[in-house]
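Reader: Hi! Could you walk me through this one?
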Number of protein chains: 2
Amino acid sequence: MAVKMPVPSPQPSPALFFETINAFQSSVALKAAIELDLFTAISEGAHSAGELARRCKASERGVRVLCDYLVVLGFLTKDQQRYGSTPDSATFLVRTSPAYLGDTTGFLCSTDAMRNYDDLTEVVRNGRRLEESTIAPESPLWVEFARSMSGFMMLPAELIAARLGAAQGPKWKVLDIAAGHGIFGITIARQNPNAEIVALDWPAVLEVAKENAAKFGVAARHRTIAG
Amino acid sequence: MAVKMPVPSPQPSPALFFETINAFQSSVALKAAIELDLFTAISEGAHSAGELARRCKASERGVRVLCDYLVVLGFLTKDQQRYGSTPDSATFLVRTSPAYLGDTTGFLCSTDAMRNYDDLTEVVRNGRRLEESTIAPESPLWVEFARSMSGFMMLPAELIAARLGAAQGPKWKVLDIAAGHGIFGITIARQNPNAEIVALDWPAVLEVAKENAAKFGVAARHRTIAG
């Protein structure tokens, strides 16, 4: 007796299931491409798998397989064995672009971040938090956050400072609570030399904010949360 | 001086980047829902987070968060705090469905399978294989494969046997090389009592094929690859 498969109308498809259950592969493939700086290499004129392998110091076979997958995902184009960037990839994944987002993978898709999901079934059973580490005092995770996410926050910070009318130069006193990378306060200070910024965070995180303040030529006062 | 963000036309979007870099979360969420047998619970009449939590022996908070995410991904519907299955989920993710695909996660999205991707950047650098374990002699991975993927192969096996005209009952001798779960040969034997099937695989894998043959009431001969 043959198994009768139900065929309701409209006919169900397993496509979403397979796409989702394999989706983790797309995260790590994109992360690998960013770590190899593949998109920057393309922007600098490397287009074949061989040229990219030499520029990225990787194997040609590995680069070809990775690039073909990135074409499928929509991050690259391919024409006559030559890979090209999409407009999105050229804007957000080339290291020299002011809108570069690649650093965010150090926080969003780090091996540690992914490990937090290893045991999701148990997490749902118990209702406990997924990432205890995020709320531990002085957690080094927030240092990585500050380093990884500052570039990503440049544009929103610009828009917020503009919306607040920072460029009109009012004598503001700004308290940047949980400042992290410090980009929100720093951007206000850059647009408004009359603003005094006090950044508040854990000491190790504030070191990143201080680096960013120095990088953008802004003198900033910082308060540690303990201080 | 403000940072000028480039705004080419058409305006680039970071949407694909963020969707992809976070995609691993969707794989593990779906896997957790399958392990909790959430879709089966819904098919049996549990619809609120509280009802589902009791039926799946999980925390209500965890179930609610997971279900809401599954609504976003397109695996569930939500109406008045009550969750429902989509046609796809009802067909492929309810354990009692003949087209159930949930077992495939044991192979496609196991923690071991995901760990193989932990170091993808190095894999691309070196050009070495990602999963050495898949080609190791007697690898237990293929036992898991045989157990996980047999349900998934029922429909293709049915279609292949029908295409071959198995039901017409010719005196076939079928060699099922790398038989795995054995479903392809078993399905031919079920449609054609005159077919003699010889399944070939590693001994531990053949045990799964034998179990499946017994389950479907088919007498099958088996040859180990070493034999």
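Author: Happy to; we can go through the symmetry and then the aromatic pairs. This is a predicted model, where local features need pLDDT of at least 70 and side-chain atom pairs count only at pLDDT 80 or more, while totals for chains, interfaces and linings use all residues. Residues are numbered from 1 along each chain as its sequence is written, chains are lettered from A, and side-chain values use heavy atoms, without hydrogens and water.

Reader: Great. What turn lays chain A on chain B?
Author: A turn of 180° with a shift of 0.0 Å along the axis does it, at an RMSD of 0.0 Å (least squares on the C-alpha atoms of residues with pLDDT of at least 70 in both copies). The two copies are thus related as by a two-fold rotation axis.

Reader: Which residue of chain A comes closest to the rotation axis?
Author: A:Phe24, with its C-alpha at 1.8 Å.

Reader: Switching to rings, how many aromatic pairs are there over all chains?
Author: The whole structure has 12; rings of Phe, Tyr and Trp (its six-membered ring) pair if their centres lie within 6.5 Å, with planes under 30 degrees apart stacked, over 60 edge-to-face and the rest tilted. One of them joins A:Phe18 and B:Phe152, tilted, at 4.9 Å centre to centre and 50° between the planes.

Reader: And what kind of pair do A:Phe24 and B:Tyr117 form?
Author: An edge-to-face one, 5.3 Å centre to centre with 90° between the planes.

Reader: Are A:Phe24 and B:Tyr117 buried or exposed?
Author: Both A:Phe24 and B:Tyr117 are buried (under 20% relative accessible area, with exposed over 50% and partly exposed in between, using a 1.4 Å probe and protein chains only).
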